[in-house]
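Here is a short briefing to read alongside the structure. Have the model open as you go, and follow the strands and helices one at a time.

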Amino acid sequence: MRHKINSLSLLLLFLCAFTSFVWAGPEAEYKKLSKSWTLNPDGSQVFHCNMELTIYTHTAMRSAYGETFIIYNPDYQTLKINESYTKQKDGTIIRTPDNAFVEVLPYSASDAPAYNNLKEMVVVHTGLELGATIYLDYTLTSKAGYLPAIDILEVIPQSSPVKEYNLAITVPEGEDLSYGLIHPDAEAKVTIENGMRTTSWTLKNVKASSRAPMRHIYDGDIQILTASSYPSEAEALKSLYEQLEMRESMPLLSLAETITEGKDSDTDKLRAILAFVNQNFAHSALSLEETGYRIRPVEEVINSAYGTQAELTDLLQGLLNALRIPTEVCVRFPLNDAPEDSFGLKGASLFLKSEADGATYLLNPFSDKMDNAGWLAGRCRMVDIKSGNPVTFPQPDSKITGEVTMRIDASKVIAEIHAEVPAGLVSYVDVPEKSSTETEELTLANGYALVHLPVVPASQNTQSYASMNTTRKSNLSLLYVPDESYTYTLEIPEGMTLCTPTGKKQMANKAGEMYIEVELTGKKVIVKRSLQVKSTQITESVYPDFHKLMAEWVNPNNTSLILKSIEN
């Protein structure tokens, strides 16, 4: 049976298909975006945001920009919505109704009762349609003493392009202000009026940020504004250091001794304490800024069984120092070459550097592995929180090697794995054995059997690079340079033969090189696999080669062997 489609239906179908096909612009565009920070002479602060955002797609209208979220602390901050409305395409003004301003508890504070006073204002934008423009203007005023200083780390690119982006910082004329704007068109304008000094920038046609994964500030690939009114970086650090538990504490010593009972070496004690803090305390995602740069006392953290990253770092160092395990509280800033003193605390990340039995451990209470600071030497600036001096530590190794002996016993493949995996790539707590055994069921299908080559922990086979897009419009940042080599030996049982072709497969390009060899000697198959990537910074031009390299490395044809029953 044929279905009749009239000419109007055909026209509508064509127009819908044509519209969806030809639209290649952004989902939305900021016609204007303005942000300003003011430090008043009395110590209070005012943040002012004004935006004009035009919607172009249904995705932007229904999900990406349907709401604006503003987190604040009503005990110390006052939020004022100055203007909120939508101008539709024909010019009709739809003002945001009262019931479209919804206050909720921020998700990051949901499991942290001490911070349940925080509020998140959800502004639900109404009257949206394609071509409509959202207008939102609000100010957030902080009481004197709540925020210790002007402290800014603002990522410049937004999720959509910005035609005109205005940034301004105002402080009393005699107040310190260190700043840096990493942007090719950045040119600061400084004006003084009524005893207040304003530093401002106007940026034109700012491109939208890339939505590609694995982009980081520390690789210099993202434009940012940093600013601080602390007299110096040392003063900023001091405001945190003075809140840490650095005095002798009998309760901490008693707890530390209980946790490490039966442990003899400092290494075993360190591992036990890290496991205790990491596994027995809920991890609150609240940032330093959201907590007003405050750290709760250790005793309160212990009694509540949860903490922010800063609070659990304080607890962790308190327990280690109670046992006389040398430990420094360190701060990692997201760039190595930022203007002096331009970083306050907003971009700071705390970690610990501990020494146990001659080895250096870089600890983060939110993880049982080495803190990322270990991989970021040279890309980020790291200092001791007490002295402000640079922190140094041995460069961690990233080379993985493995020897795997495999045999087939009845319907099972038994693999004896001997691997050398650097400490920085595995758990500090559950240290894997250098030797282990894996067993896999062997299933015959039409006389053929597939034998998988076991994957060593932390191998690049566990990464998702090969499933990413084949091209990319931004750099890709790796934590470390992959360097792996493995040898697999399989004894082929009687009655079976190898179907996988023998020979060598090599790939060398701008990203690195890969080598795979399958050799058959009598009834023994030897597979050699090696991968070396040249750099942690995979540029946009090199990325296609990197993707090819990784796709070939994890290709199932290169990570398994096919056997055939001779009887078939």
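Let's start with one strand pair: strand S17 (residues 327-333) and S20 run antiparallel and are joined by four bridges. Please keep in mind that this is a predicted model. From that pair we can move out to the sheet, then to the helices on it, and lastly to a patch on the surface.

**The sheet**
- Within the S17 and S20 pairing, Cys 330 has Asp 384 of S20 as its bridge partner.
- The pair belongs to an open sheet of four strands with antiparallel pairing, in the order S19-S18-S17-S20.
- Strand S19 (359-363) and strand S20 (381-384) are the edge strands, and each of them pairs on one side only.
- From one strand to the next, the twist averages 30°.

**Helices on the sheet**
- Helix H5 (residues 266-280) packs on the sheet, where it touches strand S18 (349-356) and S19.
- The direction of H5 makes about 5° with that of S19.
- Helix H7 (residues 309-322) lies across S17, S18 and S19, and H7 runs at about 15° to S18.

**A nonpolar surface patch**
- Elsewhere in the sequence, Tyr 448, Leu 450 and Ile 562 make a nonpolar surface patch of about 240 Å².
- One of these residues, Ile 562, is found in strand S33 (residues 560-565).
- Is Ile 562 buried, partly exposed or exposed? Ile 562 counts as partly exposed because its relative accessibility is 35%, and partly exposed covers the range between the cut-offs of 20% for buried and 50% for exposed.

Terms used:
Residues numbered from 1 in each chain as written. Predicted model: local features only at pLDDT ≥ 70, side-chain atom pairs only at ≥ 80, totals over all residues. Heavy atoms only, no water. Patch = residues over 30% accessible without salt bridge, like charges linked within 9 Å, V, L, I, M, F, W, Y side chains within 5 Å. Areas by Shrake-Rupley, 256 points an atom, 1.4 Å probe, with all protein chains shown as cover. Salt bridge = Lys/Arg side-chain N within 4 Å of Asp/Glu carboxyl O. Helix = DSSP H or I, 4+ residues; strand = E, 2+ residues; numbered from the N terminus. Buried < 20%, exposed > 50% of the residue type's maximum accessible area, 1.4 Å probe, protein only. Pairing = 2+ DSSP bridges. Axes fitted to C-alpha atoms, helices over the stretch in contact; angles between N-to-C directions. Contact = heavy atoms within 4.5 Å.
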